[in-house]
Structures are given as structure tokens and as C-alpha cells.
Amino acid sequence: MRRVRPGAAAARGSTGGTGATASRTAGGASSRTAGAPSRPPGEERALTSVAAGETYRAREVAESTGGQPVDVPRLWHVTLSVSGEQAPLKEVRRALEQLAHDHPFLLTSRYAGDHAEIRYWEEARDLHDAAAVALRLWGEHRQTAGLPPWEIVGLEVIDRQTYHQRIAEGYGPAPATPVGVHPY
């Protein structure tokens with residue numbers, strides 16, 4: 001991920017980059033105007049990052065006074081759950097494999113005919129950015145990967161320390177869980 005100060009733009013690559021596209025306009029208006037035509041498949045959507053309270057303000061102050069940038073990206077473990085109408089297992093598997101091929105940051109996917117779970121590591125400035133990327137993942141790649149028209153029904157984003165603490169306490173997926181796409 002490239003480090004980006006609030007208000008600066010970063011492009012999300014199509015081969016597994018983890019930065020989010022950002023756009024800010026005067027007055028906080030959306031980069032898409034009312035009545036604008038829908039974007040063609042594959043075209044990136046402009047997003048705006050959400051400020052994260054005191055931590056965010058402290059970073060802004062440090063950067064504006066010439067201090068060391070404190071906008072260090074962190075690793076977040078993401079679990080995205082999707083569900084919907086029954087779909088052929090072969091098609092679900094093929095779509096998840098295509099998603100994993102397009103985005104090699106995906107660790108593991110489990111699936112059934114009517115639901116799936118995707119786990120991966122995201123590098124982001126804060127939880128808000130990691131969650132925003134995760135919430136866009138399924139919808140933005142529905143057409144390109146041929147994903148079923150399911151909706152997101154669950155999202156968990158935890159920091160690296162919490163993930164490892166859970167593993168040490170015997171909770172969560174074991175680190176030896178095979179990477180890849182697997183049926184439930």
C-alpha cells in the first residue's frame with residue numbers, strides 16, 4: 001500500500017494492490033454528480049476516507065508541523081461473509097478461484113451453494129479504510145470474476161495483534177488452514 005495523507009489520491013491496482021482510490025472535492029461533495037452515467041465495468045470508483053477521531057487529528061497536526069508522518073499502514077485480518085440464492089457449486093468455486101487469481105492477497109475462501117466466506121490480510125491506515133475496501137470487494141468484482149449476486153451478510157476486521165492473540169488462546173482459524181478455495 002502506498003502511504004497517502006488525507007485528501008491525496010491513491011490508485012488501487014487491479015493485480016492485488018491494497019490502496020483505496022480516494023477523492024476529495026470542495027465542500028465534501030461526492031465525486032459523482034447526480035444524474036451522472038453509471039461507470040463501465042472495471043472502471044474504478046472514487047471514494048473518500050472517513051476520519052478516525054483523535055488519532056486522525058494527531059496525525060494531521062504532526063504532519064502539518066513538519067513532524068514525522070505517523071500515517072503508518074497496519075495489517076488487518078478481514079473475514080467477509082456473503083450469502084444469497086442457491087448457485088451451482090462449480091460456478092461458485094470457479095468464481096472464487098478467479099477472484100483469488102485477480103487478487104492474490106486472498107488467503108482462503110470457503111463456500112457452499114448459497115454462502116461463502118473470504119479471509120485475507122489488508123494493509124490500511126486504520127480500521128475504517130480496511131473495512132471500506134472489504135465492503136467494496138464483492139460488488140466491484142462481481143462481474144469480472146463472475147461472482148454470484150449475493151449480498152454481504154457479515155464483516156469482521158481485526159488488527160494483527162488481536163488475530164494472533166485469538167490464535168494463541170485457541171480461537172479463530174488455525175494458521176495451518178490451507179490457503180485456497182475450499183468447500184465447507
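The largest nonpolar core here has 26 residues, and the ones with the most contacts inside it are Leu 96, Ile 118, Tyr 120 and Trp 138. Helix 3 gives the most to this core, chipping in 5 residues. Keep in mind that this is a predicted model. Beyond the core, a search of the whole structure turns up 2 aromatic pairs, and the salt bridges come to 8.

**The core and Leu 96**

- Strand 1 (74–83), helix 2, strand 2 (106–111), strand 3 and helix 3 each put at least two residues into the largest nonpolar core.
- Leu 96 sits in helix 2 (residues 89–102), and it counts as buried because its relative accessibility is 1%, where the cut-off is under 20%.
- Setting aside residues up to four places away in sequence, Leu 96 touches Ser 109, Tyr 111, Ala 116, Ile 118, Trp 138, Leu 147 and Val 181.
- Take Ser 109 from that list: it is 13 residues from Leu 96 along the chain, with 7.1 Å between the two C-alpha atoms.

**Aromatic pairs**

- Trp 121 and Tyr 163 have ring centres 4.9 Å apart and planes at 80°, so this pair is edge-to-face.
- That pair links distant parts of the chain, with Trp 121 in strand 3 (residues 115–124) and Tyr 163 in helix 5 (residues 160–168), 42 residues apart.
- Tyr 163 is buried, at a relative accessible area of 11%.
- Trp 138 and Trp 150 make a stacked pair, 6.1 Å centre to centre with 5° between the planes.
- Trp 138 belongs to helix 3 (residues 127–140) and Trp 150 to the loop between helix 4 (142–145) and strand 4 (151–159), so the pair ties together parts 12 residues apart in sequence.
- Both of these Trp residues, 138 and 150, are buried.

**Salt bridges**

- Asp 159 bridges to Arg 74, with the closest N and O atoms 3.5 Å apart.
- This one links distant parts of the chain: Asp 159 is in strand 4 and Arg 74 in strand 1, 85 residues apart.
- Asp 159 is buried at 17% relative accessible area, whereas Arg 74 is partly exposed at 37%.
- Arg 93 and Glu 97 meet in a salt bridge at 2.9 Å, N to O; both lie in helix 2, 4 residues apart, or about one turn of the helix.
- Both ends of that bridge are partly exposed, Arg 93 at 31% and Glu 97 at 35%.
- Arg 125 pairs with Asp 129, the closest N and O atoms being 3.2 Å apart; Arg 125 is buried at 7%, and Asp 129 is buried at 15%.
- Arg 110, Glu 117 and Arg 119 are joined into one network by salt bridges that share partners.

Conventions
Residues numbered from 1 in each chain as written. Predicted model: local features only at pLDDT ≥ 70, side-chain atom pairs only at ≥ 80, totals over all residues. Heavy atoms only, no water. Buried < 20%, exposed > 50% of the residue type's maximum accessible area, 1.4 Å probe, protein only. Contact = heavy atoms within 4.5 Å. Phe/Tyr/Trp six-rings, centres within 6.5 Å; stacked < 30°, edge-to-face > 60°. Core = buried A, V, L, I, M, F, W, Y, C linked by side-chain atoms within 4.5 Å. Salt bridge = Lys/Arg side-chain N within 4 Å of Asp/Glu carboxyl O.
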